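Biologist: Please take one part of this model, the packing of its helices, and go through it closely. I would like the partners, the angles and the residues that make the contacts, followed by whatever surrounds them.

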Amino acid sequence: MGAVASALKEEVIAYSYLARLVKQLLLDPTVRSKTTLLTFFSGFMSIAVDEMIHQSQCRTCEEVLENVYGKDLFALQGKVALITGASNGLGLENARCLMKYGCHVIWAVRSPDKAASVLNQLEKKEKLTGKATILKIELSDLSSVKPFVESFLALNLPLHYLICNAGIMSPTEWLPSKQGFELQFATNNLSHFLLTELLMPKLKETAKTGEVRVVILSSLAGASCYNFDPAKIPCPQEEYNEFSEYAVSKAVDCLHARHIQKHEKNIIACAVHPGIIGTGLGGGNRGLTSLLYNGMTMAMFRKPVTKGAATTMYCTVSPDVTEHSQKGAFFYFNCASQRPRNILGARDDLVEKCHQRQLELVKPFM
């Protein structure tokens, strides 16, 4: 009886949140300037349904590697990947699988001690032919990015795969980063943008002798965005809405990938919607997590971590992605290139304006 009552409580919380969100999408002019009920359904829900219908296409993370390399557990020896947020969730699964196939993985993490403990447990459970190097970065603090990059460059390694994985989702109130930017945008976008810019010389150097890829974790939420003003990102406190600003942050992730794809001819860039996966993302937002991860309403759309990490891996190692990028593809889910909805695939001018705005914001930290 207790389990039934608990499940019903989750549904009540989920539907209360959904009702409030629909009201905002219909009536709140600030929210509607960025996302609307129409774009919520044509973007967010359209991708969720498409993903569910074709979920059989999506293998597990390990199966993606096996499909490319077979049983050769040294196939990625000599390759180097850098993953933000590698000590838990999707980042950990990507790190584990890459190391299983011989890749040297740089774990870019907030807590090196926690990461060392996780790595120790991982190495006790299975044989990993690749190694890990743990380096500290605090993505909510732009001043930590350059010292991290300097620590990485001091290792004198190439960089074949940059996976911008870490992020936060929909804090219920506007929170400041160390530099006073809206925390979600600072963490999800500005820090990864700065990291990519500072690592670009190394990526270009590596690209002279082999293929290089940048994989950016976006979301179906980005597809519910139809407009925003680059001059007003990150958003001011008085305009903050947890859903619309998360949508903007994930849309900007896609535009970042598009910019790299357009301007860096020897580097493949992908934006990935991994799926609806309960990894602890959005943990401070009870309503949203009840809707997405705990209630029955969205249960049919969810994936386990092993499958949620698969599209990132597909974009990292699959030879198909090389061909896709030559045709202009940049947005992926279910281990396949996909049609970008709404703002994700439109308005080339916005790609350039976002890039210039982010450069302006991170310039003091370069």
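Modeller: A crossing of two helices is right-handed if the near helix is turned clockwise from the far one by less than a right angle, and left-handed if the turn is anticlockwise. With that convention in hand, and bearing in mind that the model is predicted, I begin with helix α5 (residues 89-100) and helix α12 (residues 310-317), whose axes come within 9 Å and cross at roughly 45°. That angle is over the 35 degrees below which a pair would count as roughly parallel and falls short of the 65 degrees at which roughly perpendicular begins, so α5 is oblique to α12. The passage of α5 across α12 is right-handed. On the α5 side the contact is made by Asn 94, Cys 97 and Leu 98, and on the α12 side by Thr 312, Met 313 and Val 317. Sorted by class, these residues are four nonpolar and two polar, with no charged residue.

Cys 61, in helix α4 (residues 61-69), touches both of these helices' residues in the model: setting aside sequence neighbours up to four places away, its partners are Glu 93, Asn 94, Cys 97, Thr 306, Ala 309, Ala 310 and Met 313. Its relative accessible area is 0%, and it therefore counts as buried. The pairing with Ala 309 spans 248 residues of sequence, yet the two C-alpha atoms are 5.6 Å apart in space.

The next pair is helix α7 (residues 145-153) with helix α8 (residues 183-207). Their axes come within 10 Å and cross at roughly 30°, and α7 and α8 are therefore roughly parallel to each other. Here too the crossing, of α7 past α8, is right-handed. From α7 the contact takes in Val 145, Lys 146, Phe 148, Val 149, Phe 152 and Leu 153, while α8 supplies Ser 191, Leu 194, Leu 195, Leu 198, Leu 199 and Lys 202. Nine of the residues in this contact of α7 with α8 are nonpolar, one is polar and two are charged. Phe 148 of α7 is also one of the residues touched by Lys 136, whose other partners beyond four places in sequence are Val 109, Arg 110 and Pro 112. Lys 136 belongs to strand β3 (residues 132-136), and its C-alpha is 8.2 Å from that of Trp 107, a residue 29 places away in sequence.

Helix α8 has a further partner in helix α14 (residues 348-362), with axes that come within 10 Å and cross at roughly 85°. The angle makes α8 roughly perpendicular to α14. Phe 185, Asn 189, Leu 190, Phe 193, Leu 194 and Glu 197 of α8 meet His 355, Gln 358, Leu 359, Leu 361 and Val 362 of α14. The residues of the contact between α8 and α14 comprise seven nonpolar, three polar and one charged. Leu 194 is listed in the contact with α7 and again in the contact with α14.

These contacts lead on to the interior. In soluble globular proteins, nonpolar side chains tend to be buried together. In this model the largest nonpolar core has 79 residues, and Leu 82 and Phe 228 are those with the most contacts inside it. Helix α8 gives the most to this core, contributing eleven residues. Leu 82, leaving aside its neighbours within four places in sequence, is in contact with Ile 106, Ala 108, Phe 148, Phe 152, Leu 159, Tyr 161, Leu 162, Ile 163, Leu 195 and Leu 199. Apart from the largest core lies another, of 42 residues, which includes Cys 61, Leu 65, Leu 119 and Tyr 161.

Two loops that lead up to these helices deserve care when backbone geometry is examined. Ser 170, in the loop between β4 (161-164) and α8, has a phi near 50°, a positive value in a residue other than glycine. Its relative accessibility is 1%, so Ser 170 counts as buried. Asn 342, in the loop between β8 (336-337) and α14, likewise has a positive phi, near 50°, without being glycine. At 30% relative accessibility, however, Asn 342 counts as partly exposed, because it lies between the limits of 20% and 50%.

Methods: Residues numbered from 1 in each chain as written. Predicted model: local features only at pLDDT ≥ 70, side-chain atom pairs only at ≥ 80, totals over all residues. Heavy atoms only, no water. Core = buried A, V, L, I, M, F, W, Y, C linked by side-chain atoms within 4.5 Å. Buried < 20%, exposed > 50% of the residue type's maximum accessible area, 1.4 Å probe, protein only. Helix = DSSP H or I, 4+ residues; strand = E, 2+ residues; numbered from the N terminus. Contact = heavy atoms within 4.5 Å. Axes fitted to C-alpha atoms, helices over the stretch in contact; angles between N-to-C directions. Parallel < 35°, antiparallel > 145°, perpendicular 65-115°, else oblique. Nonpolar A, V, L, I, M, F, W, Y, C, P; charged D, E, K, R; others polar.
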